[in-house]
Amino acid sequence: MSSALDLIRGAGWPILAVMAAVVLLLVLRPRGPRPGEFWMADVPFREGSGSKDRPCYVVGRRGRTVRVLYVTSRDRTGDDRYVPVDTSGWSGRVAGRRSWMQIAERRGADPCLSVRRSAFRRYLGPASAREKAIVASAL
């Protein structure tokens, strides 16, 4: 340990500046979406072309692709493919808006969508333990 300190003392401020820059990059780098979180992302439509900036739940990541379940503010009461989502802790214009997350698809198809990692715009908040358990049992 003392040899590393001697090297830093001998080299002076350039070594300290590089070390400080590395620490800042590690601390300030964007972390990206993680499973169990809600994010705003440019989510592609299931059918046809195009996409929409909407809230989504992160199921998993693989490389540059993230698997998500989409969230809608359209009332889905009574549709067992959707579960209500607590948005009270979210930020921005979607905070507090009644919303539902799609956990199943017709005819047993996979309800998850693939979204480019670069399409994620803003972190909304963590999923509750209840929401995580519902997703885990549904998938």
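**Exercise 1. In what order do the elements of the protein chain run from the N terminus on?**

Step 1. Walk along this predicted model from the N terminus, and the elements run α-α-β-β-β-β-β-β-β-α.

Step 2. Tally them by type: the protein chain has three helices and seven strands.

Step 3. Add a note on burial: of the 139 residues in the protein chain, 35% are buried.

**Exercise 2. Find the pairing partners of strand β5, then decide whether its faces are covered or not.**

Step 1. Begin with strand β3 (residues 65-72), which runs antiparallel to β5 and is joined to it by two bridges. Here Val71 has Met101 as its bridge partner.

Step 2. Turn to strand β4 (residues 82-85): four bridges pair it with β5, again in the antiparallel sense. On this side, look for Tyr82, which stands opposite Gln102.

Step 3. Now check the side chains of β5 (residues 99-102). Ser99 and Met101 lie on one side, Trp100 and Gln102 on the other, and all of them are buried. Both faces of the strand are therefore covered, given that buried means under 20% relative accessible area.

**Exercise 3. Track down salt bridges in the structure and work out which parts they tie together.**

Step 1. Keep the principle in mind: side chains of opposite charge can pair when their charged atoms come close. The structure holds five salt bridges.

Step 2. Take Asp53 and Arg121, whose side chains meet at 3.7 Å, N to O. Asp53 belongs to strand β2 (residues 51-62) and Arg121 to strand β7, so this pair ties together parts 68 residues apart in sequence. Asp53 is partly exposed at 33% relative accessible area, while Arg121 is exposed at 51%. Asp42 joins these two residues in a network of salt bridges.

Step 3. Next comes Arg67 with Asp110, whose closest N and O atoms are 3.0 Å apart. Arg67 sits in strand β3 and Asp110 in the loop between β5 and β6 (113-116), so parts 43 residues apart in sequence are tied together.

Step 4. Finish with Asp79 and Arg81, which meet at 2.8 Å, N to O. Asp79 is buried at 19% relative accessibility, and Arg81 is buried at 12%.

**Exercise 4. Which residues gather in a patch of positive charge on the surface?**

Step 1. Look for Lys52, Arg74, Arg93, Arg97 and Arg122, which make up the patch.

Step 2. Place one of them: Arg122 is in strand β7 (residues 120-126).

Step 3. Check that Arg122 can qualify. Patch residues need over 30% relative accessible area, and Arg122 has 31%, which counts as partly exposed.

Methods:
Residues are numbered from 1 along each chain as its sequence is written. This is a predicted model: local features need pLDDT of at least 70, side-chain atom pairs count only at pLDDT 80 or more; totals for chains, interfaces and linings use all residues. Side-chain values use heavy atoms; hydrogens and water are left out. Buried means under 20% relative accessible area, exposed over 50%, partly exposed in between (1.4 Å probe, protein chains only). Two strands pair if DSSP finds at least two bridges between them. Patches are made of residues with over 30% relative accessible area and no salt bridge: like charges are joined within 9 Å, nonpolar side chains (Val, Leu, Ile, Met, Phe, Trp, Tyr) within 5 Å. Accessible areas come from the Shrake-Rupley method with a 1.4 Å probe; for residues, only the protein chains shown count as cover. A salt bridge is a side-chain nitrogen of Lys or Arg within 4 Å of a carboxyl oxygen of Asp or Glu. Lys and Arg count as positive and Asp and Glu as negative; His and the chain ends are not counted. The place of a charge is taken as NZ of Lys, CZ of Arg, CG of Asp or CD of Glu.
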